[in-house]
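Here are my notes on the model, written for a colleague who will have the structure open while reading. They are set out as numbered points.

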Amino acid sequence: MPELEIDAANPAKVDIPDVMPIFTPEDLVFFPGIILPLAVSDEDTIEMVNEVMQGKGPRIMGAFLQKSKPGEKKERRKSKSERAEEKEGKKKLPFYRIGTAVMILRMLRMPDGSIRMIVQGLERIELEEVIRDEAYMRGRVKTLRSKPRRTTHNEALVRALREDFEEMAELSTNIPDEYKTAVENISDPGSLADLIASNLNIDAHQRQAVLEAIRMPERIRLVRNMLAREIQILRIGSKIQTETTEEIEKSRREYFLRQQLKQIKKELGEGEDSSPEIKEWQEKIEKADLPEHVLEVAEKEMDRLERINPASAEYTVVTTYLDWLVSLPWKVMTEDHLDLKEAKEILDEDHYGLKDIKERILEVLAVRKLKPDSQGPILCLVGPPGVGKTSLGKSIARAMGRKFVRVSLGGVRDEAEIRGHRRTYVGAMPGRMIQSLKKAGSSNPVFMLDEIDKLVSDFRGDPSSALLEVLDPAQNDSFSDHYLEVEYDLSSVFFITTANYQEAIPPPLLDRMEVIRLPGYIANEKVEIAKHYLVPRQIEANGLTKSQVRFTDKALDDIVTYYTREAGVRNLERTIGSVCRKVARKVAENLDKKGKKVKGSSQAVVKHGNLRDYLGPEKITPDWMDRTALVGVVNGLAYTPYGGSVLKIETAMMPGKGGLKITGRLGDVMKESAQIGLSWIRAHAKKQGIEAKLLDKHDIHLHVPEGATPKDGPSAGITMCAALSSLFSGRKVRSDFAMTGEITLFGHVLPIGGLREKVVAANRARIEHIIIPWENRKDLEKIPEEVRKAVTFYPVKTIEQVLELVLMGEPKKVSENSSSKNSKKKDTNQETVEA
């Protein structure tokens, strides 16, 4: 077939037919005068190309860009032709109506059946009608031409377009010289805009917008906008490249300067060989395996150290700081052994009872076993002294296989104790957190903060505020010590805090912890603890054996009852130790010079009959031994930081003007409870059988013994009211009753806290009947079963119910001179009057 000769520089000389085959590429836009390669593999399109190549006319097709690829859902702005299509009500097509008439210049068939072609765009065309009479589409088209007028405005647009292109060409390194030459030699404004648009890094739909811009000024403005965006991107890229190059050059320069500095120091005799200590520090830093942010600080300090004279005081400051950096266990972790069965055995081995507390600890360990990276709760063990809070922490550490460290916070008043001192101070050191981690040698110990309720805040600082960061799982992964000035990760530390009194813990600290209460022990529990734990420990501590000394159960019970009074077992162990020391002396006296046992010496048995020989007379006289029913004396229950206790409320009446005097070192809340009780009695005097003039012509003295101990709280309200009612009515109060509860002006009894500790104290004092608020019935489940069996509980709602239970007999007439008459009676009656 003869080849058709085409003037590629001027495609407009080719006649464009009115009807031509149509193909719709997915992402190719052809511009007039531009030659592009084209690959075709679709069977229908190949058939169309074959027929075009075999025809007698010019090898021309219509190329119209598809509006979207198959499956593409991306929204875009509608083109000019699409808007015109909607406005004129034309049928919507899957491709644009404005395209390009292209001519096939060369064609090559590939072995796989596809076709490779070289095509050239001729003219912009608009599709008027689609004719489907064959396997492929044919369409009726019309040619779109624009004859630009040579105006000053158009010439300015063309010149601006060339300047924008030149700026882009300077910034870009990917534009070939042939392309630059072609742009310089094109005089036609439309062809210039098409050439530049065909080579910009834009998508097919943006090229379609340029193709649809028939008017020359509109087309040039559109291309200039695209050029401006491309120039902005190239400028940013050039800036990034320049900054990167400068950084690399700076690093190279520093490297060469450092190498030169080393050589200079070597020549001056100041190199590494002249300072073995510097070399030693460098080796320590390398072996320490420091985190990256710490290593950076250490290297800076090493640079300072190399420049400091060893005789300078600053030299010692830097070496001390480096010693702390390399000594801390930054990446050292002990492996957890979370065997729950073994952990339970360890807790049972170290502690008697405490079932609920052990269950809660095992739950924490179970969660850590299932999720090792979990940030578990921070436990706060609250209870009286001597109940085993500190030893529980040691047991947890032993069960987990972790190191154990303990810091006592009692009396700490300086924030620097927690965070450390800044290095500007002479003798500065890290805080106790960092010091303890260095001592532990690992970054995940069991860390006990003891006596957290005894922190002190004053003008020197507030250490509790510094602990907020330590005990907050959301912050302690980046704990900053003032001395180190680098972040230390405390998130792997298992923190446990202890306290005697929960109310003394600062609220923000308490909010970050889970409180576990350790109640005081009852007498039976103390005997069992002494038998299984304290006695064997003291026998071993005093160099004895089980064959040399033995304690009977009765002797241990007598020690608990008559020689110690506490919620825990610390004094009990101390007393047992005192017995063991006396036994040890006797054993030592019965040894001969060779250290052998003298014949006739036998095992020492500590029992009820000989306990006085070891400990002397009884130190404590139990309350129940002289307990009698009196007027104006009531047994109350109190909760203290050292456990529960039984408090007697005593009242006395004397001629006066109706005043109330309160003694016993009571707090404001407790004083107010006494005022409320007296006000209720005044309001209900007639109902209680009390003469009103008796209240007006007598002063009242209310006293709570053990005046050296501060007391406060509203739970003694019903006790004070009962004592005053007994005093005015002359009715005795049952001595086998104790009570606790807050009172209101209307006589309602409100719930209180610390019921378990109060009940245990009452049981220790052999009180068999206890009055409690009605709403505290749910707390009875927390009381040991043996105590519940030994005590009868009376839940009440009003003070009238309390008085019905504890006041004996009918109201009596109390004379104004009762105080002077009763003062001449025996001691028991004198107590009644003073009460």
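1. Glu417 may serve as the starting point: in this predicted model, its relative accessible area is 31%, so Glu417 is classed as partly exposed. Arg432 falls into the partly exposed class as well, because its relative accessible area is 26%. The side chains of Glu417 and Arg432 meet in a salt bridge, with 2.9 Å from N to O. Glu417 belongs to helix α14 (residues 416-419) and Arg432 to helix α15 (residues 432-440), and the pair, 15 residues apart, links distant parts of the chain.

2. A network of charged residues deserves a separate look, since Glu301, Arg304, Glu314, Arg423 and Glu485 are joined into one network by salt bridges that share partners. One of these residues, Glu485, also has an unusual entry in its backbone description: its phi is near 60°, which is a positive value in a residue other than glycine. Glu485 is placed in the loop between β10 (479-480) and β11 (487-488), and with a relative accessibility of 48% it counts as partly exposed.

3. A positive phi also occurs at Arg766, where the angle is about 60° although the residue is not a glycine. Arg766 sits in the loop between α25 (755-764) and β25 (769-773), and its relative accessibility of 49% puts it in the partly exposed class.

4. As for salt bridges in general, the structure holds 36 of them. In one of them the side chains of Arg402 and Asp336 meet at 2.7 Å, N to O. Arg402 is in the loop between α13 (389-400) and β8 (404-408), while Asp336 is in the loop between α10 (313-327) and α11 (340-350), so this pair ties together parts that are 66 residues apart in sequence. Are the two partners buried or partly exposed? Arg402 counts as buried, because its relative accessibility is 10% and the buried class takes in values under 20%, whereas Asp336, at 27% relative accessibility, counts as partly exposed.

5. A further salt bridge is formed where the side chains of Arg398 and Asp350 meet, with 3.0 Å from N to O. Because Arg398 lies in helix α13 and Asp350 in helix α11, the pair ties together parts that are 48 residues apart in sequence. Arg398 is partly exposed, its relative accessible area being 41%, and Asp350 is also placed in the partly exposed class, at 26% relative accessibility.

6. Turning to the charged surface, which residues form the positive surface patch? The patch is made up of Arg517, Arg777, Lys778, Lys782 and Lys797. Among them, Arg517 is found in strand β13 (residues 514-517), and this residue is partly exposed because its relative accessible area is 36%.

7. A patch of negative charge is also present on the surface, formed by Asp42, Glu43, Asp44, Glu47 and Glu51. Glu43, one of its members, is located in helix α1 (residues 43-54). With a relative accessible area of 67%, Glu43 is classed as exposed, because the exposed class begins over 50%.

8. Ser673 provides an example from the buried part of the protein: its place is in helix α22 (residues 668-683), and its relative accessible area is 5%, so Ser673 is buried. What does Ser673 contact, once its neighbours within four places in sequence are left aside? The contacts of Ser673 are then with Gly713, Pro714, Gly717 and Met720.

9. For the protein as a whole, 29 helices and 26 strands are assigned. Of its 835 residues, 45% count as buried. Among the contacts with a separation of 6 or more, 75% are accounted for by residues 24 or more positions apart. The protein exposes about 45300 Å², and carbon and sulfur atoms supply 49% of this area.

Terms used: Residues numbered from 1 in each chain as written. Predicted model: local features only at pLDDT ≥ 70, side-chain atom pairs only at ≥ 80, totals over all residues. Heavy atoms only, no water. Patch = residues over 30% accessible without salt bridge, like charges linked within 9 Å, V, L, I, M, F, W, Y side chains within 5 Å. Areas by Shrake-Rupley, 256 points an atom, 1.4 Å probe, with all protein chains shown as cover. Salt bridge = Lys/Arg side-chain N within 4 Å of Asp/Glu carboxyl O. Lys, Arg positive; Asp, Glu negative; His and termini not counted. Charge placed at Lys NZ, Arg CZ, Asp CG, Glu CD. Helix = DSSP H or I, 4+ residues; strand = E, 2+ residues; numbered from the N terminus. Buried < 20%, exposed > 50% of the residue type's maximum accessible area, 1.4 Å probe, protein only. Contact = heavy atoms within 4.5 Å.
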